[in-house]
Amino acid sequence: MKKLAVLLAFTCALCGASQALAKDISFTSPLTQKNFRELTREAGAAISYKNVAPAEPLGIPGFDVGVELSAIDISNSSYWNAAYGNDAPSYLVIPKLRARKGLPMGIDVGAMYSYVPDSNIKLWGIEVSKAILEGTAATPALGVRATYSRLSGVNDLDLQTAGIDASISKGFLILTPYAGVGGVWVNSEAKGHLKALAPTLDSESVFQTRVFGGIKFSPLPLVGVTAEVEYQERLIYSLKAGLSF
């Protein structure tokens, strides 16, 4: 019950933080092709599937479920003001539910869902990871991962990402630092009101690198809190609290 109470309190805090910055994405002015490409890059970075976990696998009976909050600075950009009707928040804040299950041969599969309260922003994603080295008391773990994510709920924009990355981690008592590098492919297409405002906009397909690092803190059995910083076009900050079984 104590573990569930910690997770519930964290969930409420995440929802409160995201709700304070929630706004609908609804375009009120047209974009140039250059601005649409920049919006594609940054929106793709925001919705791409975050790592927020060490490299070691969960194992066959393992299961991890948690809540996560990611935030990216989007201030001082004309294309974000266009997306938010000239009233863009300073940060795009995205709360998520995450689940991951361990399978044989060091393979984990996972899924993510997000809904930003009081906005039209929703997204979902899936991941598959494989431990190349599972790690021991003396050696680090090394893993590779493939991900997919997609924005939904925003009628003016079709946006999806696919990514690959590799990461390394090593546990020390209740702390497990990790770091990784990878790439993300982002595809976008103007729809709805945005397409009506700018009918000549072409779809965009871009590739961008990502680097990330974080640390998992396990203060109680089965409970973990993970903080991560990623650079992909801009800095992205993520915080996750989860229960592992």
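Biologist: Taking a salt bridge as a side-chain nitrogen of Lys or Arg within 4 Å of a carboxyl oxygen of Asp or Glu, how many does the structure hold?

Modeller: The structure holds twelve salt bridges, and six residues, namely Glu-68, Lys-96, Arg-98, Glu-127, Arg-145 and Asp-165, are linked through such bridges in a network. This is a predicted model, in which local features need pLDDT of at least 70 and side-chain atom pairs pLDDT 80 or more, whereas totals for chains, interfaces and linings use all residues. Residues are numbered from 1 along each chain, and side-chain values use heavy atoms, without hydrogens or water.

Biologist: Okay, within that network, how far apart are the closest N and O atoms of Lys-96 and Glu-68?

Modeller: For the salt bridge between Lys-96 and Glu-68, the closest N and O atoms are 3.1 Å apart. That pair joins distant parts of the chain, with Lys-96 in strand S2 (residues 91–103) and Glu-68 in strand S1 (residues 63–73), 28 residues apart. Helices (H or I, at least four residues) and strands (E, at least two) are DSSP runs, numbered from the N terminus.

Biologist: Are Lys-96 and Glu-68 buried or exposed?

Modeller: Lys-96 and Glu-68 are both buried, where buried is under 20% relative accessible area, exposed over 50% and partly exposed in between (1.4 Å probe, protein chains only).

Biologist: Switching to helix H2, which residue does Arg-37 form a salt bridge with?

Modeller: The partner of Arg-37 is Glu-204, and the closest N and O atoms of the two are 2.6 Å apart. Because Arg-37 belongs to helix H2 and Glu-204 to strand S8, the bridge ties together parts that are 167 residues apart in sequence. Arg-37 is partly exposed at 32% relative accessible area, whereas Glu-204 is buried, with a value of 9%.

Biologist: And what about Arg-41, which residue does it form a salt bridge with?

Modeller: Arg-41 forms a salt bridge with Glu-233, although here the closest N and O atoms are 3.7 Å apart. This pair again links distant parts of the chain, since Arg-41 is in helix H2 while Glu-233 sits in the loop between S9 and strand S10 (234–244), 192 residues apart. With 18% relative accessibility, Arg-41 counts as buried, and Glu-233, at 28%, counts as partly exposed.

Biologist: Last one: where does Thr-40 lie, and is Thr-40 buried or exposed?

Modeller: Thr-40 lies in helix H2, which covers residues 33–47, and because its relative accessible area is 2%, Thr-40 counts as buried.
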